[in-house]
Amino acid sequence: MVPSYPRARERRMTPALRTTAPALAAALALVLTGCQGAALSDDDAPATGGPVKIGVVVPLTGPVSQVGTALRNGLELAVRKVNADGGVHGRPVEYVVVDDAGDPANSTQLARRLVRQDKVTMLFGTITGDTAEAVGRVADEAHVPFGTAILGDTEHCFAYQWGFGESTRQMLTPTVPGLVRKHGTKVALVGSDYNYPHFYAGVAGELVKKAGGTVVAEEYSPLGQTDWQPVIGRLKSAAPDTVLSMVVGADAVTFAKQAQQFGLLTPKIGFEGASLDADFQPALGPLVTGRTHTVRWSDRLDDAESLAFVKDYRAAHQWKAPVPEVAGNAYFGVKFLLAAAEKAGSNDPEAVNKSIGGLSYDSPLGKGTHFDAANHVLQADMREVTIGGDGAYTVTRTHPMVTDTTPKKGCS
Amino acid sequence: MTVPAASNAPVAPAVSTRGIRRTLRLALPGLAGAALLAAPFGLDAFAVATLTLGLCHGLFAYGLDLSWGRAGLLSVGHAAFFGLGAYAVALAQEHHLPWTATVAAAVAAAVLIAVPVVRIGLAAPVPDAPLILLTIGVGLLLQRAATTLAPVTGGTNGLSVSGPDVVTSYYVTLGAVAAVVGACGVLLVRGRFGARLVAASRNPERAAQSGIDTTRVRTAAFAVSAAVAALAGALYAPVAGLVSPQVFGLGLSTSVLIWLALGGRESTVGPFAGAVAVTVGQQYLGSTWQGWYLLALAALFLLVVQVAPAGLTAAPRRWLAGPGPDVRLPSASRRAPYRTASESAGDRLPLAVTGIRKSFGPVEVLAGVDLTVEAGRCVCLIGPNGAGKSTFLNVVAGQLAPDAGTLRLFGADAAGLPVHRRVGLGVGRMFQIPSVVAELSPADNLRLARIEAPEPAEPPAEFRDLAEDELRPAGALPLADRRRLELAVVLASGPRLLLLDEPAAGLGPDDARRLTRELREVNRRTGCALLVVEHDMDIVRELADEVVVLAEGRVLARGPLDTVAADPAVRTAYLGAR
Amino acid sequence: MDVLLAILGQFGLYGLLTVGIAVIFAATRVVNLAQGDLAMTGAYVAATATAAPFGLRTLLALAAGAPLLLVVERLLLRRPGSDGLAAMLVTWGLGMALRQGAELLFTGTSRTVAVPVEGTLDVLGTPYPTYRLVCALTATAVIALVLLAAHRTDWGLRLRAVADNPAMAALLGTDPRRMRATAFTLGGLLAVLAGALYSPVLAVNPSMGFGLLVPVFFGLLLSRPGALATAAGAALLISTLSVLLRTWLSDTLAEALFYAVVVAIAALRSRPWIGRFSAWFRRTPAPASAA
């Protein structure tokens, strides 16, 4: 129904225009045959004898489509790698990608379709918190494991949901004391006005206090803000030594740029947060050069597996910019999940889910990475990277096994 | 009373086509219903789930159609109402409240928000701008509230909703609700309410002059539209599985406009067809075409607006409806109207005003007018330009409220009465530019007038040709015929006092003479009093029992034309000499 | 001073867009819902043609925008032109196509444009980024020019005549078609200019124009059709309101309050007594009712 390796359709470049018409025709044919084929049986259990199937729900259109595409790219390469190495318990791995356009209503529908119609063994993907929540609930109801690769914490913990991105504590625990020591004790928090930045600020405040600093300002602005002057003015009047920012998406760029123009962000002042992500480096350039950032995975890691992945990624997508962290998280996350499936020795989603919870797995993300049962956060290494003028995120320090065991409700 | 039967209309080109049309008109809804009923058996689970979502969107679009399509009130923030319904279900589940109560509360809240919004909109001369602004504003406000009140609403992550099995049983529930709402809607718009709405949305001025309370009719339509949207939202919550502040957003509000514009307005099928098509397309093609799907949708949308501005279902619907103008009165309302007992005007004085004043800003247009019109008399109002004649007529008809003075119509104090109530008292009105519902056929225009008339009158024989003209829209008639149609429409409601503003303006001398004769005839036959603003002295001479001269906002002189014309004060006023 | 500068900066952006949309509305009775997306187009020209100096890029954006707008007017807006609502839907579709086209061409990732004039300037004791000031002053100057043109030139007279009464203007020898084409192009170009000018201040991405639409739309609805000065005034009001609220309150509260105030203004404006009040200010009797 769906080929194992749908040709990665390149959305970045204009040459794609040339191949569009045949691709569209092929896609249409694919969809039509797909619709016909799936009509008959309606039991939820995946065929245990067949290939291992992953359902991928990502936004490929809309404001976060870039991140979604990166996640899908990472996943594709992981599946290709696993298949080249002989598949999972002798069977090939397949995946089905669906585009939810960042709308949770779509995510629910599509996740249900993947579970019921495509009978996937596991789900993977989603970028924004609301879509993650939507798919998480479907996965929980259907008892199908669901992996995410985006950083940050999801609001709810589900028994079937596993996060491969770094949790907020894992991000901030190694960072905050250093910032306070280096720049000073006064910390300002700023974020886009939605759930996650508020949560981030809560954790940050706690850690700042622990490190002996004080939070001197806390500001939120609605998503899509184009004029940051009032916020920057208020931040500036608090005279912070460090700014921790969870202003996300396009706003991360607008905020950082305007903060620099208004003289809030000088090289002397510490700055950490979403604006320093590799996605925004091409846009912000000199503004972030020389700063350090804490990540789970960077494309400058020099272990063989990461190097091979980065090489493949660059080759497959003619990629020049830094490879997004989410792609790496997805790559190693999917490998983790498939290793769990291998260990379970079956395609049965419940068995795989059980296996995920108990697996300890060595990868570039850390030695013996595993999930904490209390919060389903992957216990793994964190890295301090320094951003170079050429856009390189060079690893300058490794924090081995940064744990986060703060319990969350609903994990079991 | 007999209404001209359909067979009186010009014979249709071929009887067989008409037969086919009639069969199809009956068969198609049945077929569509059967197909929808059969869907769960023939389609796979995901297709049914997609169809469920499509129907849900369809119901939303159908709700919007009641306001945008039927009432002509564009709402760009209809997702506000949709979101209320969706959150009602989500909140009920989250906080363990009975969902019936919360959904009822949401529907009530939608109506409570909709009514002031539309009232404010309709209070403006052109309701579009304030209405668009208010609906967007309300939607954004609710979205902000849902984002900020995180402890209750879950903030941006929203609230999860787990419902019954979405694939089979829920499809049936949704289908049933959609069918019930659709059926109620059809009953509503096919009846007198629908007929009123057609007139009120197309020509509020004429509708009010036909005795329709346009504000009330359109407000009701908008409120029902908001309620249906809230209901659709409530049904949507379990299908979506998660309700987040996005449901209030501009994205959804504009999507629903697109579904409706693609499907076709003022139809029951159109909104559902448009919404289902786009939703199903999104689910099946969206993942593969990705960005190209949206681009293709935008292109398709542009194409449809250019080529078939009435929507994709408009052409087949038009064909099914047979020859005639695009807009018709709903068939059910065409039947003979029932009559309400009317208060007899008797011999009471049709019009008596004293001390009427009206200023626009610093300009005093009417400076204390005293005037009476006796039953059966024909009074002509003349005066130089700017004397306030039209303003006075507008005050009498109810378009303008006087600043001071008393106004009695048939003995009743009418100063504060809205236009349609004055019509109920027996006032008819003809405008300077003939005002008929241009989109309806002349026959439908007359039907509409009779539906609302307190004492419907058979149109006189000389208007027979208009009463039987079913095939062209009234807007296509030549000016003289439109003038005659307006007269016929006004007479159909059996007025006792007829207000006319330069009835012969723009007519050739022959048509003007014919019209004057007809007016005189009406006056003689029905005993209806006339108050006519007129410049043409030939017409005044033929028509007037009495002439009133208005100058600088006051009555200057009154009496037979020759006496008045000889009055030196009048001569001064006209010639400007002192 | 800070606040005044912030208002000025915001007004430059909103003013250009609002006056642009008002010019289009005056001549065509079409609310151009693609206005924000046209600004996005301008910003992308400034962001991609980095070989040329910034000023040249802005001119390039205008030069590229003009034929595009003319073609759009000719191809898409001629037919449904008589029906304002249909034409509004066309502009909506156009905006959607522009957004989607930009996403396919440039991806959804934000870009930035290097600030052409570095440094900060001391304005009466308040340091302010030089480029922001340059940009706001340029925008204000352009707005002033457009207003001047509308009130002092032949073209402006005709535009106002068409806005007041299209049929009458046609009788007096104004070719309404040409008027519509020029007005649409000019109004659109103002948006393109706004996008290009403000691109160094904003993050350039396909959906950037969408967020601008709401305040601009509010501005248009609060102004009087055909009176461009009221459009500029409405933009000033909107910017002032938004900046003041955001200076005093947290952004979240300010945004909610902003919508509430705009809704309240709209509600009040349509009350008859306000109408009478403003009519008194205009000192013109309502034309339809005074014979």
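**Stop 1: helix 13 of chain B.** Select residues 291-307 of chain B in this predicted model. This is helix 13, with 17 residues. How far apart should its ends be? At 1.5 Å a residue, helix 13 should span 24 Å. The end C-alpha atoms are 24 Å apart, so the expected span and the model agree.

Now colour helix 13 by burial. Its buried residues start with the run B:G291, B:W292, B:Y293, B:L294 and B:L295. Further along come B:L297, B:A298, B:F301 and B:L302. B:V304 and B:V305 complete the buried set.

**Stop 2: the whole of chain B.** Zoom out. Chain B has 23 helices and 12 strands. Its C-alpha atoms fill a box of roughly 90 × 60 × 45 Å along the principal axes. Of its 578 residues, 55% count as buried. Take the contacts in chain B with a separation of 6 or more: 75% of them join residues 24 or more positions apart.

**Stop 3: where chain B meets chain C.** Show both chains. Chain B gives 41 residues to this contact, and chain C gives 41 residues. Which elements of chain B supply at least two residues each to the side that touches chain C? Select helix 4 (99-123), helix 5 (128-148), helix 11 (250-263), helix 13, strand 4 (363-373) and helix 15 (389-397). Helix 5 of chain B makes the largest share of that side, with 12 residues. By residue class, the side of chain B that touches chain C has 27 nonpolar, 12 polar and 2 charged residues.

**Stop 4: where chain B meets chain A.** Swap chain C for chain A. Here the contact takes 31 residues from chain B and 35 residues from chain A. Helix 2 (45-70), helix 12 (269-289) and helix 13 of chain B each supply at least two residues of the side that touches chain A. Helix 13 is thus on both tours of chain B: it is listed for the side touching chain C and for the side touching chain A. The largest share of the side touching chain A, 7 residues, comes from helix 12 of chain B. That side divides into 13 nonpolar, 17 polar and 1 charged.

**Stop 5: the nonpolar core.** Show all three chains. The largest nonpolar core has 418 residues. Which residues have the most contacts inside it? They are A:L123, B:A110, B:A230 and C:A194. Helix 10 (residues 214-240) of chain B provides the largest share of this core, 19 residues.

Centre on B:A230. Leave aside its neighbours within four places in sequence. B:A230 is then in contact with B:F81, B:F82, B:L84 and B:G85. B:A106, B:V107 and B:A110 are also in contact with B:A230.

**Stop 6: chain A.** Colour by pLDDT. The mean for chain A is 82, and 88% of its residues reach 70 or more. Residues 1-47 of chain A stay under 50. For that stretch the model has 47 contacts beyond four places in sequence.

Next, select residues 51-390 of chain A. An unreviewed UniProt entry annotates this range as "domain: Leucine-binding protein". The range is 43% helix and 21% strand, with end C-alpha atoms 43 Å apart.

**Stop 7: chain C.** An unreviewed UniProt entry places "transmembrane region" at residues 12-31, 131-150, 181-198, 229-250 and 256-274 of chain C. Select residues 12-31 of chain C: 85% helix, 0% strand, end C-alpha atoms 20 Å apart. Finish on residues 229-250 of chain C: 91% helix, 0% strand, end C-alpha atoms 31 Å apart.

Methods: Residues numbered from 1 in each chain as written. Chains lettered and ligands numbered in written order. Predicted model: local features only at pLDDT ≥ 70, side-chain atom pairs only at ≥ 80, totals over all residues. Helix = DSSP H or I, 4+ residues; strand = E, 2+ residues; numbered from the N terminus. Expected span 1.5 Å × (residues − 1). Buried ≥ 20, exposed ≤ 12 C-beta atoms within 10 Å, placed from the backbone. UniProt positions renumbered as here; feature names shortened; annotations may be inferred. pLDDT = per-residue confidence, 0-100. Contact = placed C-beta atoms within 7 Å. Nonpolar A, V, L, I, M, F, W, Y, C, P; charged D, E, K, R; others polar. Core = buried A, V, L, I, M, F, W, Y, C linked by C-beta atoms within 7 Å.
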